[in-house]
Structures are given as structure tokens and as C-alpha cells.
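Q: I am new to this structure and would like a close look at one part of it. Please describe the largest nonpolar core, and then place the rest around that picture.

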Amino acid sequence: MNDFHYDDELHAYYLNGEKILSVTQILELGGLIDKRFFLPEHAMKGHAVHKACYLRIKNDLDESSLHPIIKPYLDRFDCFLQRTGFKPILELCEKPQFHPAYIFGGTPDLVGYLNDRVVVIDIKSGGVEYAKYQLAAYSKFPDIECHFPDKFSLELNAKNKIGYDLKSHNDENDWYFFLDILNKISNN
């Protein structure tokens, strides 16, 4: 039996007492994510947006507690919910998980039903350049893979009329690309 633990404060994943890489760390080590331009306030904003969206789907959000910078993102998320009828599988949303064969961790943002299909969705309040690889990895976590999910990024800072951009990422080659990065990192 594997002892899996996630430390929210450190944003670190542990398996049997050993720290394991996260999906994001793997993409960063593989050169896909350049954090030189990420400021601490960007990370704080992203975390707050994710938390607000999660609390919204749980019907547990106190809107008076929202910072004014976060409110437009939540409005865009609400628009997404209203237009699409997305129905979350709450026990899989924001649930830290690990892959037992490839030994990496991650926390998918949203898992649920969209047009009667199970989907995994990564919420983005910034760029979406590497989302397809994140989603490919998240979709292989056993609790999610058994549903054969479709994969989407949900960009909440879109400048289009509806205020969000939902983009499909269902190319199976994204998973093999992610595995290639993981193998290169593991062999160094």
C-alpha cells in the first residue's frame, strides 16, 4: 500500500515519505515552463482564482471575501458554468493524486461532466501554453483515467465576448511527449 501525502503549504507531493515531482515541476525541468517572469503576485492571484472557482462549485463561496482583482475571473467562471452546464465530480476536483507507475503528483482543477462526457479541465488565469501536457498527465491518474476523459483548458482572462476560452486538448501524443520529458529528467 502506498502512503501518498500532499503538503498544501509547501505545494509538495510525497509517496512513502519521499518527495516526488509534480506535473508542473516536470514541465519546468523539461524547459516548457519558464518561471523567470513569474512574480509572486502572479502565483498568489492564480491560487486565489482557483480557490474561488473551487468554492463556487462547492456552493461554499463567501463573495464578500473576494479581492476585487479576483472578481472578474470568478464572473468569467460563472459564465462558463451557466453557458455549458458543467457538473463537477466534487470528490475529484482539486484532489491531489499521483501516478503509481510513473511516480509523479498533481492536482487537477476540475473533473466533471460536460455534454454528458467526463472531462478534466485546467483553469488558467494566465497563459495556457503548456496546459495540454498538464492535462495529458492529469488524465492518466487512475481515479480519472477510468472515465476516459476529454481534456480542456479554461482560460479566464480571454478577451472574447463571452469572457472565457474553452480549448480542447485531446491529442494522445501530448501524453507521450510528457512521458518523454519525464524519462529524460529521470535519466539525468
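**The largest nonpolar core and its surroundings**

A: In this predicted model, the largest nonpolar core has 26 residues, and among these Phe77 and Leu156 touch the most other members. Two or more residues of this core come from each of α2 (40-57), α3 (71-84), β7 (110-114), β8 (117-124) and β9 (150-155). In soluble globular proteins, nonpolar side chains tend to be buried together.

Leu156 can be followed in more detail. With its neighbours within four places in sequence left aside, Leu156 is in contact with Val49, Cys53, Tyr73, Arg76, Phe77, Ile123, Lys124, Gly163 and Tyr164. Phe77, the other residue that touches the most core members, is thus one of the contacts of Leu156. A second core of 25 residues is separate from this one, and its members include Leu27, Ile181, Leu182 and Ile185.

Next comes the largest pocket. The space in the largest pocket is about 1300 Å³, and 35 residues line it. Those nearest the centre of the pocket are His11, Ala43, Gly46, His47 and His50. Elements that give two or more residues to the lining are α1 (23-29), α2, β8 and α4 (131-138). With eight residues, α2 gives the most to this lining. Both α2 and β8 also give two or more residues to the largest nonpolar core. By class, the pocket lining consists of 11 nonpolar, 14 polar and 10 charged residues.

His11, one of the residues nearest the centre of the pocket, sits in the loop between β1 (4-7) and β2 (12-15). The phi angle of His11 is near 50°, a positive value in a residue other than glycine. His11 counts as partly exposed because its relative accessible area is 46%, which lies between the limits of 20% for buried and 50% for exposed.

Two loops that adjoin β8 can be added. Asn115 lies in the loop between β7 and β8, and its phi is near 55°, again a positive value in a residue other than glycine. Asn115 has a relative accessibility of 65%, so it counts as exposed. Glu129 belongs to the loop between β8 and α4. Glu129 also counts as exposed, because its relative accessibility is 62%. Along the chain, Glu129 and Asp165 are 36 residues apart, and their C-alpha atoms are separated by 13 Å.

Terms used
Residues are numbered from 1 along each chain as its sequence is written. This is a predicted model: local features need pLDDT of at least 70, side-chain atom pairs count only at pLDDT 80 or more; totals for chains, interfaces and linings use all residues. Side-chain values use heavy atoms; hydrogens and water are left out. A nonpolar core is a set of buried Ala, Val, Leu, Ile, Met, Phe, Trp, Tyr and Cys residues joined through side-chain atoms within 4.5 Å. Buried means under 20% relative accessible area, exposed over 50%, partly exposed in between (1.4 Å probe, protein chains only). Helices (H or I, at least four residues) and strands (E, at least two) are DSSP runs, numbered from the N terminus. Contact means heavy atoms within 4.5 Å. On a 1 Å grid over the protein atoms alone, a cavity is a set of points where a 1.4 Å probe fits but cannot get out, and a pocket is an open set with protein on both sides within 12 Å along at least five of seven lines; lining residues have an atom within 4 Å of a point. Grid points are joined across faces, edges and corners, and a volume is the space filled by probe spheres set on the points. Ala, Val, Leu, Ile, Met, Phe, Trp, Tyr, Cys and Pro count as nonpolar, Asp, Glu, Lys and Arg as charged, and the others, Gly among them, as polar.
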